[in-house]
Amino acid sequence: MFSNACFTLGKLLYICAVAKNFKHRSITFYKNYFQDFFSKQNKKVQTKIVWTLTLIEDLPKVPETYLKHIENTDALYEIRVQLGNDIFRIFCFFDKGKLVVLANGFQKKTQKTPKKEIEAALKIKGEYENEK
């Protein structure tokens, strides 16, 4: 569960126990929205999505390259996945700060995120909040 890390400061040697697999956030799925999207992707895309989700769980501060707030929305975010020229977006939102709830996803084909995709994600978010 712990690994040892050592460093020196002056003549002193410090030995620290560092927790392995510490997660800054946990990710959960709401209904089958994400799973339906994920299962339709090829193995390379699925691997990149899993890599991105792991990064979001592990990093204390996630760069906007991977997780970005969608302007003019009530706390809706998009997880950004790129594999070559293919761009994918997975909508999510936070519940209690550290829980990322995954909603729907899509392959992006235009510069702007389509309004109908944002509206669908906001509807799913509302559904989630009403069921809590």
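Which residue in S7 is the bridge partner of Phe88? The partner is Gln107. The report below places this pair in the predicted model and then follows three residues, Arg80, Gln41 and Lys108.

**Basis.** This is a predicted model, in which local features need pLDDT of at least 70 and side-chain atom pairs count only at pLDDT 80 or more, while totals for chains, interfaces and linings use all residues. Residues are numbered from 1 along each chain as its sequence is written, and side-chain values use heavy atoms, with hydrogens and water left out.

**Overall make-up.** The protein has 3 helices and 7 strands. Helices (H or I, at least four residues) and strands (E, at least two) are DSSP runs, numbered from the N terminus. Read from that end, the order of elements is β-β-β-α-α-β-β-β-β-α. Of the 132 residues, 33% are buried; buried means under 20% relative accessible area, exposed over 50%, and partly exposed in between, with a 1.4 Å probe and protein chains only. Among contacts (heavy atoms within 4.5 Å) with a separation of 6 or more, 42% are between residues 24 or more positions apart.

**The sheet.** Five strands form an open sheet with mixed pairing, in the order S3-S7-S6-S5-S4. Two strands pair if DSSP finds at least two bridges between them. Strand S3 (26-29) and strand S4 (67-69) each have a single partner strand, so one side of each is left without a neighbour in the sheet. On average, neighbouring strands of this sheet are turned by 40 degrees against each other, direction ignored. Strands S6 (residues 86-95) and S7 (residues 99-108) run antiparallel and are joined by 8 bridges.

**Helices on the sheet.** Helix H2 (residues 43-58) packs on the sheet and touches S3, S4, S5, S6 and S7; its direction makes about 135 degrees with that of S5. Helix H3 (residues 115-131) lies across S6 and S7, at about 155 degrees to S7. For such angles, axes are lines fitted to C-alpha atoms, for helices over the stretch in contact, and the angles run from 0 to 180 degrees between N-to-C directions.

**Three residues.** Arg80 lies in strand S5 (residues 77-83). Beyond four places in sequence, Arg80 touches several residues, including Thr52, Thr65 and Phe88. The C-alpha atoms of Arg80 and Thr65 are 6.6 Å apart, although 15 residues separate the two along the chain.

Gln41 sits in the loop between helix H1 (33-39) and H2. Its relative accessibility is 17%, so Gln41 counts as buried. Outside its neighbours within four places in sequence, Gln41 is in contact with Gln46, Ile49 and Phe88.

Lys108 is found in strand S7 and counts as buried because its relative accessibility is 15%. Its contacts, not counting residues up to four places away, are Ile87, Phe88, Arg89 and Thr113. Between the C-alpha atoms of Lys108 and Arg80 the distance is 9.8 Å, and these residues are 28 apart along the chain.

The table lists polar contacts of these residues. A polar contact is a pair of N or O atoms within 3.5 Å; within protein, one must be able to donate a hydrogen and the other to accept it, and residues adjacent in sequence count only if both atoms are side-chain atoms.

| Side chain | Partner | Distance |
|---|---|---|
| Arg80 | Glu64, backbone oxygen | 3.3 Å |
| Arg80 | Glu78, side chain | 2.8 Å |
| Gln41 | Phe37, backbone oxygen | 3.1 Å |
| Lys108 | Gln111, backbone oxygen | 3.0 Å |
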